[in-house]
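Got your viewer open and a selection box ready? Load the model and follow along, one pick at a time.

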Amino acid sequence: MIRFEHVTKQYTTGNTALDDVTFTIDRGDFVFVVGPSGSGKTTLFRLLIRDALPTSGGIYIGDWDLVNLPKNKIHQLRKNIGVVFQDLKLLRDRTIYENIMFPLEVGNIETQEARNRVEDIIDRVGITEHRDKFPVQLSGGELQRAAIARALAFSPEILLADEPTGNLDNATSWEIIKLLQDINASGTTILMATHNADIVNSLRNRTLIIEKGKLTKDQHSKHKKEEHKAHKDNK
Ligand SMILES: Nc1ncnc2c1ncn2[C@@H]1O[C@H](COP(=O)(O)OP(=O)(O)OP(=O)(O)O)[C@@H](O)[C@H]1O
Ligand SMILES: [Mg+2]
């Protein structure tokens, strides 16, 4: 469903953020993207929503050829890919409800339909009691749920979550992971950038490891399971 073919991204400053990266991700998968700070994880996400173009290489999502996607189609692409940004990007002067409503307003969704959707999503991510508060009044975990809710506004096929547990304690991190697992179980393909070794090691998701812009390891969930089994058998 997602295909990167020899993707290189060089910023105009000369930084090579991604260097000849090739991989494919199947529909319905839940994949971790792991790597040190500055390795290119956020850049990879920006390329997937056409917030940036690669310097060379091809990026494909289903039938979409992102490099050659006309500008007037970008909004359609972005309805199909929800993003939880590393810095969340919630609007401070709007309530949680209004924040989740915002993309639907911009997308010209009819008011009653939009309200129904927002209420469903708020309920789904478990922040009903916080719906009329402003972002500053919420905890880190609650804000993360709000940002996930906003990313789900158009029921996207793909959800990108950039360090969704970055600022959270262990218990709250796991709650967020459970929420993402639920979303994945309902059919949404998920890519999650993370530094959280505990989560990556505990779950057996496919894991892409990026170091200095290079894809250095692509650990398929199946292999991880086999490794785990071999490890147990050797004990
Ligand atoms: N807009 C930009 N202009 C120039 N260089 C950039 C830009 N954005 C990122 N970079 C550089 O590209 C490289 C990859 O950055 P990126 O933000 O993708 O890393 P990351 O893996 O998301 O890091 P972190 O874990 O800290 O979020 C870094 O060297 C960074 O300085
Ligand atoms: Mg980043």
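This tour goes from a metal site through some loop residues to a set of helix contacts, all in a predicted model.

**Stop 1: the magnesium ion**

Start by selecting ligand 2, the magnesium ion. Which protein atoms serve as its donors? Pick OG1 of Thr 42 and OE1 of Gln 86; these protein donors lie 2.0 to 2.4 Å from the ion. Now colour by secondary structure: Thr 42 sits in helix H1 (residues 41–48), while Gln 86 is in the loop between S6 and H3, so the pair ties together parts that are 44 residues apart in sequence. Switch on a surface for the protein. Thr 42 counts as partly exposed, at 31% relative accessibility, and Gln 86 is partly exposed too, with a relative accessible area of 44%.

**Stop 2: along the loop to H3**

Stay in the loop between S6 and H3 and click on Leu 88. Check its backbone torsions: phi is positive, about 65°, although this residue is not a glycine. Is Leu 88 buried or exposed? With 14% relative accessibility, Leu 88 counts as buried, the cut-off being under 20%.

Next, go to Thr 95, which is also placed in the loop between strand S6 (81–84) and H3. Thr 95 has 9% relative accessibility and therefore counts as buried. Show its surroundings, leaving out residues up to four places away in sequence, and you'll find that Thr 95 touches Arg 131, Asp 132, Lys 133 and Phe 134.

**Stop 3: helix H3 and what covers it**

Select H3, residues 96–106. Its buried residues are Ile 96, Tyr 97, Asn 99, Ile 100, Met 101, Pro 103 and Leu 104. What covers them? H4 and H5 are included in the cover. Before turning to those, look just after H3, where Asn 108 takes a positive phi of about 60°.

Add H4, residues 111–125, to the selection. The two helices pack at an angle of about 130°, and their axes are 10 Å apart. That angle makes H3 and H4 oblique to each other, and H3 passes H4 in a right-handed crossing. For sticks, take Tyr 97, Ile 100, Met 101 and Leu 104 on the H3 side, then Ala 114, Arg 115, Arg 117, Val 118, Glu 119 and Ile 122 on the H4 side; these make the contact. Coloured by class, the residues of this contact of H3 with H4 come out as seven nonpolar, no polar and three charged.

Hide H4 and bring in helix H5, residues 140–151. How do the axes of H3 and H5 cross? They come within 8 Å of each other, at roughly 25°. That makes H3 roughly parallel to H5, because angles under 35 degrees count that way. The crossing of H3 past H5 is right-handed. Here Ile 96, Asn 99, Ile 100 and Pro 103 from H3 meet Ala 146, Ala 149 and Arg 150 from H5. The contact of H3 with H5 has five nonpolar residues, one polar and one charged.

**Stop 4: from H5 to H6**

Keep H5 on screen and select helix H6, residues 170–185. H5 and H6 pack at about 15°, with axes 10 Å apart, and are therefore roughly parallel to each other. Their crossing is right-handed. On the H5 side, pick Gly 141, Gln 144, Arg 145 and Ile 148; on the H6 side, pick Thr 172, Glu 175, Ile 176, Leu 179, Leu 180 and Ile 183. By class, the contact of H5 with H6 has five nonpolar, three polar and two charged residues.

Now step into the loop between strand S7 (158–162) and H6, and click on Glu 163. What is its phi? It is positive, about 50°, although Glu 163 is not a glycine. This glutamate is buried, with a relative accessible area of 8%.

**Last stop: Asn 80**

Finish with Asn 80, in helix H2 (residues 74–80). Its relative accessible area is 24%, so Asn 80 is partly exposed. Leaving out residues up to four places away in sequence, Asn 80 touches Trp 64, Pro 156, Glu 157 and Ile 158. Then draw a C-alpha to C-alpha distance from Asn 80 to Lys 41: the two are 20 Å apart in space and 39 residues apart in sequence.

Technical notes
Residues are numbered from 1 along each chain as its sequence is written. Chains are lettered from A and ligands numbered from 1 in the order in which they are written. This is a predicted model: local features need pLDDT of at least 70, side-chain atom pairs count only at pLDDT 80 or more; totals for chains, interfaces and linings use all residues. Side-chain values use heavy atoms; hydrogens and water are left out. Axes are lines fitted to C-alpha atoms, for helices over the stretch in contact, and angles run from 0 to 180 degrees between N-to-C directions. Helices (H or I, at least four residues) and strands (E, at least two) are DSSP runs, numbered from the N terminus. Angles under 35 degrees count as roughly parallel, over 145 as roughly antiparallel, 65 to 115 as roughly perpendicular and the rest as oblique. A crossing is left-handed if the near helix is turned anticlockwise from the far one by less than a right angle, and right-handed if clockwise. Contact means heavy atoms within 4.5 Å. Ala, Val, Leu, Ile, Met, Phe, Trp, Tyr, Cys and Pro count as nonpolar, Asp, Glu, Lys and Arg as charged, and the others, Gly among them, as polar. Buried means under 20% relative accessible area, exposed over 50%, partly exposed in between (1.4 Å probe, protein chains only). Donors are N, O and S atoms within 2.8 Å of the metal (3.2 Å for Na, K and Ca); water is not among the atoms, so sites may look incomplete.
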